[in-house]
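Got a few minutes to look around a protein model? Here is an informal tour for someone meeting it for the very first time.

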Amino acid sequence: MPPIRALIAAILSGLAVTAAACSQSALDAQIEARIDATLAEGIAGAVVLVEAGGEQHVYARGLADRASDTPMPEDALLRLASVGKLYTAAVIHRLTLEGVIDLDRTTADYVAPELIADIANADTASLRQLLNHSAGVPDYYDEAWEAQVGTTPRNTPQITLDHIRGRPADYAPGEGYGYSNSHYQLLGLVAEAVTGEPLGTLMEHMIFTPLDLHATGFNIEDDPRNTIHGYGRLGDDTVDTFALRDNNGADGGVMASVTDTARFLNALFASDGALSDIGTAMLSDRLDRGNGRYRALGPLYVEHESGLSLATHSGFIDGYVTTAVRVLSPDVTVIVHLNGSQPQLAGSLARDLLFILAAPQD
């Protein structure tokens, strides 16, 4: 296996070759072939972004809609699913940096008691523990929940928390780890309680407008750029999930173009990024998960033995999966979005693209 720093160096040089060459270089062809190999696994289409060395390339392959044979566009809005947690985390960190909230306080310190009544650990787990998934609040998104997903948005805090009221905690705060969408539902309530503003409005003011993100939104339903049909639900990879309204809420309600998503990641994790103070806060506290992997206060943080580090988050809802990776130094961003229900394929595609980029170019 080549050293990761060598892989990144190859990415930088490979993209320079691509920029200087004609529209279809050998590197482009290899990347597109690897994407097409993923589509051959039963995925309808893919949108992939690679950015390094000041060069950004987007590859749209396959179909956005099998029924109409519509090609996958480069600029469609992506259902980011849990990658949207980074946006909610960004709002929480901005409020913390402004002194409005304290990460070592609890949800009960900020939110009306009736909203969190009988929610395990809501009065004992800190906001910090909610951010890094060590709070022990049961995950509302279980098999029963998924079976009820339909055409009406249900990922509101009132409905999701009703689904877990009265359930015992998974573990005492800080004494375990368990990824829970409920954690971010509670964080959304906190942000709204202390500001008196809807979470979407806060994202608009703190993230979308400052970064000039015109192809990003929260809890979008009818935007004409929402054109990608997803496929796969409850064991049937052929089911069209476009009509399902699962892409909403504080734990996964952001939709954005792949280029807007990259701009957000770069703003957070580039050393001179417009939101670098938030990105620094996200990575300031890390829960050790072993083998160089840490759950930070929002993203997963990975340290390789070579010294390379990266921030990443993935998202999956029925029919859609996204993997977003931001290497911290040198500046490299990779985003993979598939309209299929096989999340493992997004990760393997992102990994394999590194090896393709590392190969010698003619």
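What follows is a walk through ring pairs, a helix, charged pairs and empty spaces.

One thing to keep in mind from the start: this is a predicted model.

**Rings that meet**

Let's begin with the aromatic side chains. Searching the whole structure turns up five aromatic pairs. One of them brings together Tyr87 and Phe208, with ring centres 6.4 Å apart. Their planes meet at 65°, and edge-to-face needs an angle over 60 degrees, so this pair counts as edge-to-face. In sequence terms the partners are distant: Tyr87 belongs to helix H3 (residues 85-97) and Phe208 to helix H8 (residues 199-208), with their positions 121 residues apart in the numbering. Both Tyr87 and Phe208 are buried. The story has a third member too, as ring pairs tie Tyr87, Phe208 and Phe264 into a cluster.

Another aromatic pair is made by Tyr294 and Tyr301. Here the centres are 6.1 Å apart and the planes are at 50°, which makes the pair tilted. Is Tyr301 buried or exposed? Its relative accessible area is 5%, and buried means under 20%, so Tyr301 is buried.

**A closer look at helix H3**

Tyr87 has already taken us to H3, so let's stay there for a moment. How does the span of H3 compare with what its 13 residues should give? At 1.5 Å a residue the expected figure is 18 Å, and the C-alpha atoms at the two ends are indeed 18 Å apart, so the two agree.

How many of the 13 residues of H3 are buried? Eleven of them are, so the helix is largely enclosed by the rest of the structure. Among the buried ones are Lys85, His93 and Arg94, along with Leu86, Ala89, Val91 and Ile92. After H3 comes Gly99, which has a positive phi, near 80°.

**Charges that pair up**

Now for the charged side chains. As a general point, side chains of opposite charge can pair when their charged atoms come close. This structure holds 13 salt bridges. Three of them are set out here, with the N to O distance for each.

| Salt bridge | N to O distance |
|---|---|
| Arg105 and Asp109 | 3.1 Å |
| Asp222 and Arg245 | 3.7 Å |
| Arg286 and Glu303 | 3.6 Å |

Take Arg105 and Asp109 to begin with. Arg105 is partly exposed, at 38% relative accessibility, and Asp109 is partly exposed as well, at 37%. Arg105 also lies over the face of Tyr110, at 5.9 Å from the ring centre.

Next come Asp222 and Arg245, a pair that links distant parts of the chain, 23 residues apart. Asp222 sits in the loop between strand E5 (216-218) and strand E6 (231-233), while Arg245 is in the loop between strand E7 (236-240) and strand E8 (254-256). Which side of this bridge is exposed? Asp222 is, with a relative accessible area of 66%, whereas Arg245 is buried at 13%.

The bridge between Arg286 and Glu303 also links distant parts of the chain, 17 residues apart. Arg286 is in the loop between helix H10 (276-282) and strand E9 (287-290), and Glu303 is in strand E11 (residues 300-303). Arg286 is partly exposed, at 37% relative accessible area, and Glu303 is partly exposed at 34%. Some salt bridges share partners, and in this way Glu32, Asp36 and Arg61 are joined into one network.

Arg286 has a second contact as well: its charged end sits over the ring of Tyr301, 4.0 Å from the ring centre. That is the Tyr301 that forms the tilted pair with Tyr294.

**Empty spaces**

Last stop: the gaps between the atoms. The structure holds three cavities of 30 Å³ or more. The largest cavity has a volume of about 40 Å³. Its lining includes Gly42, Ile43 and Ala44, as well as Arg66, Tyr231, Asp237 and Asn339.

There are pockets to look at too. The second largest pocket holds about 280 Å³ of space. Its lining is made up of 16 residues, and those nearest its centre are Ser82, Tyr141, Asn181, Phe316 and Ile317. Which strand gives the largest share of this lining? Strand E12 (residues 309-317) does, with four residues.

Notes: Residues are numbered from 1 along each chain as its sequence is written. This is a predicted model: local features need pLDDT of at least 70, side-chain atom pairs count only at pLDDT 80 or more; totals for chains, interfaces and linings use all residues. Side-chain values use heavy atoms; hydrogens and water are left out. Rings of Phe, Tyr and Trp (its six-membered ring) pair if their centres lie within 6.5 Å; planes under 30 degrees apart count as stacked, over 60 as edge-to-face and the rest as tilted. Buried means under 20% relative accessible area, exposed over 50%, partly exposed in between (1.4 Å probe, protein chains only). A charge sits over a ring if NZ of Lys or CZ of Arg is within 6 Å of the ring centre and within 35 degrees of the ring normal. The expected span of a helix is 1.5 Å times one less than its number of residues. A salt bridge is a side-chain nitrogen of Lys or Arg within 4 Å of a carboxyl oxygen of Asp or Glu. On a 1 Å grid over the protein atoms alone, a cavity is a set of points where a 1.4 Å probe fits but cannot get out, and a pocket is an open set with protein on both sides within 12 Å along at least five of seven lines; lining residues have an atom within 4 Å of a point. Grid points are joined across faces, edges and corners, and a volume is the space filled by probe spheres set on the points.
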